[in-house]
Amino acid sequence: MTLQGLNGTRLGTAAVDGGRILKTFFDKNSTTITFVRNDLPEHKPYTVTFNNLFLRDSSRSPKSMDPESGQKLFTTGQLARNPMSTTPKLMQIVNDGQSLRIDWEDGDSYNYPLDFIYSFKGSTFFTEAMRKSSSRHKPVLWDSALLRKHEEELAGTDFESFLNDEHRLYECLKTLQRFGIVFIKGIPADDQMAVKRIAQKIGPIRNTFYGETFDVRSDSGTTSNIAYSNLSLPLHMDLLYMENVPGFQLLHAINNPKEGTGGVNIFVDAFRAARHVREHDALAYEALQHVPVNYQYIKGELRYYQSRPMIEHYDTNEENTLEGYYENLIKRVSYSPPFQAPFSFGIYEKSSESNVSASKVGERFLFKDFSDGLELFEDCIEQPESRLEVKIPAGTCVLFNNTRVLHARTAYLDDSRWLKGCYLDADTFMSKLKYLEEKFV
């Protein structure tokens, strides 16, 4: 496949459109609020009863929150120990039904916006406003055929626009959130630190023992990683032997000789492969969430060891358990065969002479399901239709999700090939994306 062009809601934000608070009543323990909104089922009034501790703890008045830093000036425990703090003294519907003003017995007073009340209503139907920590743009699970329909989005923007046009930056990060990959083109040939400027436009670079940035080239003078050679590199994710795995990787092609010399980059959506397992073998998929896979990096004075399951989910909630919202349930995939250490789970078979405990021997059943799931996963990622194959042109930078998108490379002949990379943490990316969503959406 080729790519054309590659040669939530906060407290205090604007009121909910088309809605208003109708009535309210309270006692010393709780507050009941009835409101309407255009997108409620059949436009019927909706009633919710909140614990008063929750409401008082959510106050953003000057008494409760420092106006400069936005940080709380009290602890939840302090409120719980003082009944006056959680007892309303007066309650009024204000701002033409757009806010509920509560005066508390401890002297605090705050106007709770309708959008806040709506966000925490705890309904059984899907609420866009409940997305506080995640993006409103859910992942799109892809194969090569689907990517061909979104080539313009994946091609991202040019380097200067990414750095200087915040709306173009937002569009690129939105694509990165949806597909796990995006490209930035038009980097000047003499800018060998462009990857650093691209990353810092999003947020602080994640420093590792490879440095703030690193060079991927066969003549880099190091043999600490197969990536620093001209050999083929199998599908994998980086740094799974660390507790805090970098969420995103950036690779800028400073020099990448033309077709016929190898060095083609390969990308695969591991989320789609995980769904493939889920659809074909539920027990195997469950095992991929529980069997620990061990990773290690041992070189010189470095000793990194970590264990993690192949598939991790977010905590389930009403949003991601609805039919069709699997993409919001999966949190990360961990797959890096080159850095796997020996297994320590499910390795014992039944034996009358074994001194191993029955529980350890019993692990073999779950490990068998795990191996079935691994086979399905690898069958999927090795299919040609699962892959995006692109020889990244010089002057182009690829950004991809390191806990979603697998990457590989074919062997190459020309040792002048030179890519420069760096990492970003996932929360750094999400922070910038959420800020831009609030600004442009």
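Reader: Which side-chain oxygen reaches the backbone nitrogen of phenylalanine 271 at the start of H9?

Author: One from aspartate 269, in this predicted model. That oxygen comes to within 3.0 Å of the nitrogen.

Reader: And which residues of H9 are buried?

Author: H9 covers residues 270-280, and its buried ones are Ala270, Phe271, Arg272, Ala273, Ala274, His276 and Val277. So Phe271 turns up twice, as a buried residue and as the partner of aspartate 269.

Reader: What do those buried residues pack against?

Author: Three strands come before the last helix on the list, namely S12 (265-269), S15 (311-313) and S16 (330-333). The helices are H10 (282-288) and H11 (358-381), and strand S19 (405-409) is there too.

Reader: Okay, helix H8 next. Why do its buried residues line one face?

Author: Start with the general idea: an α-helix has 3.6 residues a turn, so residues three or four places apart point the same way. Now the case here: H8 (residues 194-202) buries Ala194, Val195, Ile198, Ala199 and Ile202. Looking down the axis, you'd see them fall within an arc of 135°, so they line one face.

Reader: How many residues does the largest nonpolar core have?

Author: It has 58, and Ile181, Phe267, Val333, Phe377 and Leu406 have the most contacts inside it. Apart from that core lies another of 27 residues, including Ile198, which you just met in H8.

Reader: What does isoleucine 181 touch, beyond four places in sequence?

Author: Its contacts are Leu154, Thr175, Leu176, Phe267, Leu388, Val398, Leu399 and Phe400.

Reader: Is asparagine 401 buried or exposed?

Author: Buried, because its relative accessible area is 14%, under the 20% cut-off. Asparagine 401 sits in strand S18 (residues 396-401) and touches Leu176, Gly180, Gly247 and Phe248, leaving out residues up to four places away.

Methods: Residues are numbered from 1 along each chain as its sequence is written. This is a predicted model: local features need pLDDT of at least 70, side-chain atom pairs count only at pLDDT 80 or more; totals for chains, interfaces and linings use all residues. Side-chain values use heavy atoms; hydrogens and water are left out. Buried means under 20% relative accessible area, exposed over 50%, partly exposed in between (1.4 Å probe, protein chains only). Helices (H or I, at least four residues) and strands (E, at least two) are DSSP runs, numbered from the N terminus. The arc is that of the directions from the helix axis to the C-beta atoms. A nonpolar core is a set of buried Ala, Val, Leu, Ile, Met, Phe, Trp, Tyr and Cys residues joined through side-chain atoms within 4.5 Å. Contact means heavy atoms within 4.5 Å. A polar contact is a pair of N or O atoms within 3.5 Å; within protein, one must be able to donate a hydrogen and the other to accept it, and residues adjacent in sequence count only if both atoms are side-chain atoms.
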